[in-house]
Amino acid sequence: MTSGLGIFGGTFDPIHTGHVGLALQVCRQLNVTQLRLMPTRLPPHRGNPTASGEQRAAMVQLAIAGCPNLSLDSRELARNRTSYTIDSLREIRLEEGEQTPLFFVLGMDSLNALDSWRDWQKLTDYAHLVVVARPGQAWPIPSSVVGEWLVGRVREAEAMPFGCCGQVIRLDADFPQSATAIRAALRAGATSHDWLAPSVSAYIQTHQLYPREP
Ligand SMILES: Nc1ncnc2c1ncn2[C@@H]1O[C@H](COP(=O)(O)OP(=O)(O)OP(=O)(O)O)[C@@H](O)[C@H]1O
Ligand SMILES: O=C(O)c1ccc[n+]([C@@H]2O[C@H](COP(=O)([O-])O)[C@@H](O)[C@H]2O)c1
C-alpha cells in the first residue's frame, strides 16, 4: 500500500496553530507523508471570509514554512465559484489514481453538519474522512442522519493500515484554537494572538486584515 495523501480543507481566516498542529498529528498517526491545506474560495455554508483568497493562501504558506510534509493546494481558490469538497476530491482522486489512500481532514463541528454538504454520502467514494474532535466535542448522536450513516464506517486511528477510501477515522486531539475567537480578539484591539504563528501575525498587521472595530 502506498503511503497516503492528506487534504485539509478550511476557510483559514486566519490559519492558526491548531490547524497546523492537527495537520501534523494526522501525518504522524496515519502515516501520511504529504498533507495539503486547501483553502476554500467561497465556503458553501457561511458568509464570505474577511481576508481574500490570496491573503488566506499567503497566511497558509507562512504558517507551514518549515513543515516539509505540508503544502498549499490552491485549486479551490482558482475556481471562481462556490467550493464544494466533492468536486475537489473527485479531481484529486483522478490525479492520484486508484491506489493512493486519500484522507480528507475535518473537524467534529463539520462532521455534525455533514448532511448539508453537496453529495455528502459520496465523499467516502473518493477519500477517507478523518474527523478531529475539539476538546469536549461529542460524536454525532446515533439517531441523527449523520449518526446513522456512520454506523459500520468508523475506525479508530490505531486500526491502520487503511485502504484507499471509504472509512471515517476518528482522531482525538486537543486543540482549543478557533479562528472566530482570533478575529474577535483582534477586532477588540489585540495586536496579536497566541494562536497565530508570528509570521502570520505580522502579515495580518501589515495588511490590516481584522482591524479594530470602533
Ligand atoms: N481547534 C480545532 N480542533 C479540531 N478541528 C478544528 C480546529 N479548528 C478548526 N478545525 C476544523 O478545521 C477545518 C477548517 O477550519 P476553519 O478554517 O473553519 O477554522 P475554524 O477555527 O473552525 O474557523 P471559524 O471559527 O472561522 O469557523 C474545519 O473542519 C474545522 O472544524
Ligand atoms: O462541499 C460542501 O458542500 C461543503 C459544505 C461545508 C463545508 N465544506 C468544506 O469544509 C471545510 C471546512 O469548512 P469551514 O467552513 O469550517 O472552514 C472546507 O474545505 C469547506 O469547503 C464543504
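The following exchange concerns a predicted model, its sheet and the surroundings of its ligand.

Biologist: In what order do the seven strands of the open sheet stand?

Modeller: The pairing within this open sheet is parallel. Neighbouring strands are turned by 30° against each other on average, direction ignored. The order of the seven strands is β3-β2-β1-β4-β5-β7-β6.

Biologist: Why is one side of β3 and of β6 left without a neighbour in the sheet?

Modeller: β3 (70-72) and β6 (154-156) stand at the edges of the sheet. One side of each is therefore left without a neighbour, because each has a single partner strand.

Biologist: Which residue of β4 stands opposite Phe 8?

Modeller: Strand β1 (residues 4-10) runs parallel to β4, and four bridges join the two. Opposite Phe 8, the residue in β4 is Val 105.

Biologist: At about what angle does α1 run to β2?

Modeller: Helix α1 lies across β1, β2 (32-39), β3, β4, β5 (128-133) and β7 (168-172). Helix α2 (residues 53-64) also packs on the sheet, touching β2 and β3, and its direction makes about 155° with that of β2. For α1, the angle to β2 is about 150°.

Biologist: Which element gives the largest share of the shell around ligand 1?

Modeller: Around ligand 1 there are 19 residues, of which Gly 10, Gly 18, Gly 107, Ala 179 and Thr 180 come nearest. Two or more residues each are given by α1 (17-30), β4 (102-107), α5 (108-112) and α8 (179-187). The largest share, three residues, comes from α1.

Terms used:
Residues are numbered from 1 along each chain as its sequence is written. Chains are lettered from A and ligands numbered from 1 in the order in which they are written. This is a predicted model: local features need pLDDT of at least 70, side-chain atom pairs count only at pLDDT 80 or more; totals for chains, interfaces and linings use all residues. A residue is near a molecule or strand if its C-beta atom, placed from the backbone, lies within 6 Å of it. Two strands pair if DSSP finds at least two bridges between them. Axes are lines fitted to C-alpha atoms, for helices over the stretch in contact, and angles run from 0 to 180 degrees between N-to-C directions. Two residues are in contact if their C-beta atoms, placed from the backbone, lie within 7 Å.
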